[in-house]
Each structure stands twice: as C-alpha cells, then as structure tokens.
Amino acid sequence: MAQGSGKRAGRPGLCLLLAGLLVSVAGVAQSQEMRYLRIGTGGQSGTYFPVGSLIARAISDIQRGPDCAEERCGVPGLVAVAQISNGSVANVAALQAGEIEMALVQADVAHWAYEGSEIFTAQPRHRRLRFAAHLYSEAMQIVVRRDAGVESLADLRGRPVALDEPGSGTLIHVRNLLQVHGLREADTRPVYIKPDLAQARIAAGSLDAFFIVAGWPTKAVSESLASGYGALLAIGRDRVEQLVRTNPFLTPGTIPAEAYDGSPAIPSVMVGAHLLVRADLPDAVVTALLEQMWSERGLAILRGGHLRGADIRLDSALSGRSVPLHDGARAFYAKSGLRID
C-alpha cells in the first residue's frame with residue numbers, strides 16, 4: 001500500500017561534498033607528513049554520502065574550532081574525503097583495486113564480493129576487504145507516483161521504473177525483490193538512473209516508481225513525498241520472508257512512522273550498512289581512525305549531522321560482520337571491551 005508526504009532528509013548541506021577535505025587542510029601541521037584517505041560512499045540523494053562525509057569530518061586532522069574543542073582533533077596528519085560513487089558494488093571494486101581506502105557497503109554485497117559468490121561468481125575474490133564497523137540498518141524504500149494506481153510491486157509490470165545504476169547494491173535487491181513478486185527485470189520498463197534524477201521524472205509523470213536501499217530519511221524520498229507526487233509502497237511480509245530465507249544478511253523491518261512527515265510505519269526489508277577498509281591500510285591508522293570516530297566528539301558529529309547518526313553506536317559496532325575484521329579494528333574493539341567472536 002502506498003503512503004506518503006514527507007520532509008527533507010538529514011541536516012548536512014551541499015558543502016558536504018568536500019567537508020572532509022575542507023575541515024582538514026586548514027589544520028594539518030605543515031611539518032607533518034599528510035596521509036589522504038578516500039571514502040567511497042554513494043549518490044548525493046542517498047544516505048551513504050552524507051554519513052561518509054560526517055565520518056570524514058570526525059577523523060580528519062583539524063585545529064581548534066567549531067568541530068574541535070581541543071588544541072587538535074582527529075587523526076594526526078590524516079585528510080579524509082568522502083567520494084560520490086555508484087554504491088556498494090562499485091565501492092568493493094574500488095577497494096579491491098586500491099582506488100579508495102575505506103567505503104560504506106551493504107553487508108551482503110561485502111560477503112558476496114569476498115567469497116566470489118552471487119553476482120561476483122565470475123570474478124576473482126575481493127580479498128582486500130576488511131570490516132571496520134557496523135553503522136546502521138538501511139531499508140528498501142519504494143516510491144511510486146501517487147496517481148499511477150500502483151498498490152503492490154506486481155502492478156509494476158510493463159511500467160517505467162528506475163532501478164538505480166549498475167554498481168549499486170539497490171539494483172541487486174530490486175532484482176531479487178521483483179523475483180519474489182513473480183517479475184523479471186525485463187517485465188518492467190527499466191531505467192538505470194540514480195534516485196535524485198528519478199524523483200524529477202516521478203513529478204513529470206514519465207516514471208511510475210523508483211527504488212533506493214538507504215537509511216531513512218533520505219533526500220530523494222523526502223523530496224518526492226514532500227512534492228505531493230510520490231508515495232511510499234509497503235512490501236508484504238510474506239514476500240519479505242521469502243527474501244530473508246535466501247539471504248541471511250536481510251531482516252524484516254519497518255520504516256518507522258514519521259520517518260517522513262505524515263507517513264505511517266512502512267513494512268520493508270533491512271540490510272546492514274557496514275564501514276569497510278582495505279586490508280593493507282596500516283593497523284595503527286585503522287585503530288586511530290576508529291578511536292576518533294567512536295570518540296565523544298566523533299559521535300556528536302555523526303548524531304548532529306544526520307538523523308541516522310543516532311543509530312551508530314559502539315555497542316553494535318561488530319553486528320553482522322560479513323568479511324574478516326581488520327587487525328587494527330580488532331585492536332581497537334579489544335581495548336574498548338567489546339566481545340570479538
């Protein structure tokens with residue numbers, strides 16, 4: 001059932017694109033060797049990019065200022081930058097290729113890439129992936145055009161729908177979700193664009209639905225609901241249970257009431273959003289960046305910058321990990337008193 005009216009998501013502004021770099025360069029000691037760390041995120045209309053930008057702020061080396069009450073904050077000499085990407089699949093490929101040092105990735109995509117299974121069966125295993133932290137759970141969010149008469153996913157047969165871009169974790173889940181509703185990708189009129197472009201087509205009437213797997217609230221969904229043209233579509237529990245049976249990294253869940261203004265609780269399917277690092281990143285660097293991310297200051301930055309920041313908690317940092325733990329992360333969590341299985 002479609003529901004919706006919405007509010008704008010999160011609080012980070014457009015300047016987050018270079019937030020990690022801008023807060024760092026001004027404060028890095030000239031005499032210190034600088035280390036650049038690139039964080040793969042997602043599109044600007046999702047949750048990975050704003051959250052990744054906040055992590056960059058939390059770990060980058062800066063002098064005393066609005067983000068730093070001490071003489072210096074962050075990892076000494078570290079400049080972290082959040083990079084826009086196509087999402088989870090693109091991020092694991094970039095980590096494996098050495099193009100980035102850290103990334104936000106869906107738990108199941110990380111597992112498939114590391115093991116060379118599912119969509120990665122024909123590829124070499126991505127053995128450079130290492131787990132650093134569980135951040136939060138994200139939901140499959142389906143926005144339909146309010147006057148399109150779409151009451152269930154089965155109604156999307158023959159309809160123009162945006163499935164996100166190749167390289168996104170969303171596209172993988174959409175294919176699986178369509179399958180349990182008796183549909184193939186080709187049964188729709190698929191369009192492979194990011195949600196920020198899709199929402200404009202919903203308003204123009206040239207698109208009947210778009211999908212995004214992200215934490216809530218997310219900008220593309222908020223703006224589509226707030227415009228009055230879009231509505232959220234619930235996923236039936238029986239279909240969710242089918243998905244969960246074949247994917248151990250998925251769980252039934254609910255987008256809570258008022259996640260978007262005027263929206264009731266929406267049944268959906270959830271997957272963990274994990275922070276991964278490259279295996280060859282030095283242990284001391286990984287330990288230091290986690291110390292900063294999980295510090296009082298780091299958590300304040302995360303919680304003050306996005307509504308999902310409140311769900312990023314140290315006590316759940318090791319939840320559902322799907323690739324090996326980085327040794328630097330192991331050292332940090334052991335020192336923090338967390339049980340490491």
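This section describes the overall form, the internal cavities, one pocket and one helix of a predicted protein model.

The secondary structure of the predicted model comprises 11 helices and 13 strands. The C-alpha trace extends over about 60 × 40 × 30 Å along its principal axes. For a chain of 341 residues, a compact globule would be expected to have a radius of gyration near 20 Å; the value computed for the protein is 20 Å, and the two therefore agree. Of the 341 residues, 55% count as buried. The accessible surface amounts to about 13500 Å², and carbon and sulfur atoms account for 51% of that area. Among contacts between residues at least 6 apart in sequence, 76% connect residues that are at least 24 apart.

A search of the whole structure identified two cavities of 30 Å³ or more. The largest cavity holds about 190 Å³ of space. Its lining is formed by 22 residues, of which G42, D164, T170, K194 and V213 are the closest to the centre. Three elements each give two or more residues to this lining, namely helix α2 (48–59), helix α5 (169–180) and strand β10 (209–214). Strand β10 supplies the largest share, with three residues. In terms of residue class, the lining of the largest cavity consists of 13 polar, six nonpolar and three charged residues.

The second largest cavity contains about 30 Å³ of space. The residues that line this cavity are M140, H173, V213, L250, V269, M270 and V271. Strand β13, which covers residues 266–278, makes the greatest contribution to the lining, with three residues. By class, six of the lining residues are nonpolar and one is polar, while no charged residue is present. V213 appears in the linings of both cavities, being listed among the residues closest to the centre of the largest cavity and also among those lining the second largest cavity.

Open pockets were examined as well. The second largest pocket has a volume of about 250 Å³. It is lined by 16 residues, and those nearest its centre are W112, E118, N176, T246 and N247. Helices α4 (107–115), α5 and α8 (237–246) are the elements that give two or more residues to the lining of this pocket. The largest share, five residues, is provided by α5. The lining of the second largest pocket is made up of seven nonpolar, seven polar and two charged residues. Helix α5 is thus named both for this pocket and for the largest cavity, to whose lining it gives two or more residues.

Helix α4 was considered in further detail. Seven of its nine residues are buried, so the helix is largely enclosed by the rest of the structure. The buried positions in α4 are A107, D108, V109, A110, W112, A113 and Y114. W112 is also one of the residues nearest the centre of the second largest pocket. The cover over the buried residues of α4 includes helices α3 (88–97) and α5, together with strands β6 (102–106), β7 (129–145), β12 (250–255) and β13. Strand β13, part of this cover, is also the element that gives the most to the lining of the second largest cavity. After the helix comes G116, which has a positive phi near 70 degrees.

Notes. Residues are numbered from 1 along each chain as its sequence is written. This is a predicted model: local features need pLDDT of at least 70, side-chain atom pairs count only at pLDDT 80 or more; totals for chains, interfaces and linings use all residues. Side-chain values use heavy atoms; hydrogens and water are left out. On a 1 Å grid over the protein atoms alone, a cavity is a set of points where a 1.4 Å probe fits but cannot get out, and a pocket is an open set with protein on both sides within 12 Å along at least five of seven lines; lining residues have an atom within 4 Å of a point. Grid points are joined across faces, edges and corners, and a volume is the space filled by probe spheres set on the points. Helices (H or I, at least four residues) and strands (E, at least two) are DSSP runs, numbered from the N terminus. Ala, Val, Leu, Ile, Met, Phe, Trp, Tyr, Cys and Pro count as nonpolar, Asp, Glu, Lys and Arg as charged, and the others, Gly among them, as polar. The radius of gyration is taken over C-alpha atoms; the globule rule is 2.2 Å times the number of residues to the power 0.38. Buried means under 20% relative accessible area, exposed over 50%, partly exposed in between (1.4 Å probe, protein chains only). Contact means heavy atoms within 4.5 Å. Accessible areas come from the Shrake-Rupley method with a 1.4 Å probe; for residues, only the protein chains shown count as cover.
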